[in-house]
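Reader: I've got a new model to look through, and I'd like to learn how to read its features one at a time. Could you take me through it?

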Amino acid sequence: MNRKKYKYLFFDLDHTLWDFETNAKEAMRLAFGINQLHEKGIDDFDGFFARYSHHNAILWDRYTKGLIKQEELRWKRMWRAMVEYKIGDEKLARKMSEDFLEELPNQKNVFPYTFEILDYLKEKNYPLSLITNGFNAVQAKKLKSSGLEKYFDHVITSERSNSLKPKKEIFEYAITTTCCATCDSIMIGDNLDADISGALGCGMDAVFVNHINAEPGDIQPTYTITHLKELEEIF
């Protein structure tokens, strides 16, 4: 593999380092219990979580396209899942959202080799930053709870940059904030559209972290890996 000397590394957080699916399911299980949904006619937690995940994906897509606001995303994904169980209770949906978001950033699961690869990169004196579409307070708490906080010099969020991946503005904001150049930087993330296409569209190289062996389609990442340890072959 040809090595290019990069001066600055940008990581995505959710689904790349922080195991969002595992953590989200644990947080949802807690919110499910707090709100006693099993006593309200939803006795199948796994089924409920699957419906929530389905509606969350749809609404996140609408959110990233600027079609809905953050607050609507947060409670409507709960409400839509509950409606499938004949529970049209907006107040309960909002409470579920609050409890879920309270519990979510407390979860600590990361992908295998996360700490090892970050230690490796820091030992090689790579400046590391995050570019994430997550919310400021939530992402900050995730980093602290999971022990990832110490690794990153900057955390560029959609709220802070007033933009969302894959839009060029969030990458330009990251470049400006870190005082680096696109030609010397690389984006490392799991999402082909948000992370890879977004970075490539700004002239930045990109590593596709393909944890789930997804088909890349027409998008051509600079590098593709299936395990974080493989980053040692690039840097």
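Reader: Let's start just after helix 5: what phi does N125 take there?

Author: N125 takes a positive phi of about 65 degrees, just after helix 5. Helices and strands here are DSSP runs, numbered from the N terminus (helices are H or I with at least four residues, strands E with at least two). This is a predicted model, in which local features need pLDDT of at least 70 and side-chain atom pairs pLDDT 80 or more, while totals for chains, interfaces and linings use all residues. Residues are numbered from 1 along each chain as its sequence is written, and side-chain values use heavy atoms, leaving out hydrogens and water.

Reader: And which residues of helix 5 are buried?

Author: Buried means under 20% relative accessible area, exposed means over 50%, and partly exposed is in between (1.4 Å probe, protein chains only). In helix 5, residues 114-123, the buried ones are T114, I117, L118 and L121. They sit on the same side of the helix, because they cover an arc of only 100 degrees around the axis, the arc being that of the directions from the helix axis to the C-beta atoms. Their cover includes strand 1 (8-11) and strand 2 (128-132).

Reader: Where does K124 lie, then?

Author: K124 is in the loop between helix 5 and strand 2, and it's partly exposed at 37% relative accessible area.

Reader: Which elements do the buried residues of helix 9 pack against?

Author: They pack against helix 8 (168-178), strand 4 (185-189) and strand 5 (205-209). The buried residues of helix 9 (192-201) are L192, A194, D195, I196, G198 and A199.

Reader: What caps the N-terminal end of helix 9?

Author: For a polar contact, look for a pair of N or O atoms within 3.5 Å; within protein, one must be able to donate a hydrogen and the other to accept it, and residues adjacent in sequence count only if both atoms are side-chain atoms. Here N191 does the capping, with a side-chain oxygen 3.0 Å from the backbone nitrogen of D193. After helix 9 comes G203, with a positive phi near 85 degrees.

Reader: Which backbone oxygen does the S146 side chain reach at 2.7 Å?

Author: That of K142; the S146 side chain also reaches the backbone oxygen of L143, at 3.5 Å. S146 belongs to helix 6 (residues 136-146) and is buried, with a relative accessible area of 8%. Contact means heavy atoms within 4.5 Å. Leaving aside neighbours within four places in sequence, S146 is in contact with W18, K108, V110 and F115.

Reader: Now the rings: how many aromatic pairs are there?

Author: A ring pair is described by the distance of the centres and the angle of the planes. Rings of Phe, Tyr and Trp (its six-membered ring) pair if their centres lie within 6.5 Å; planes under 30 degrees apart are stacked, over 60 edge-to-face, and the rest tilted. By that rule the count is 16. One of them is W60 with Y63, edge-to-face, at 5.2 Å centre to centre and 85 degrees between the planes.

Reader: Why are W60 and Y63 about one helical turn apart?

Author: An α-helix has 3.6 residues a turn, so residues three or four places apart point the same way. W60 and Y63 are three residues apart in helix 2 (residues 45-64). W60 is partly exposed at 22% relative accessible area, whereas Y63 is buried at 10%. Elsewhere, ring pairs link F32, F45, F48, F49, Y52, Y85 and F100 into a cluster.
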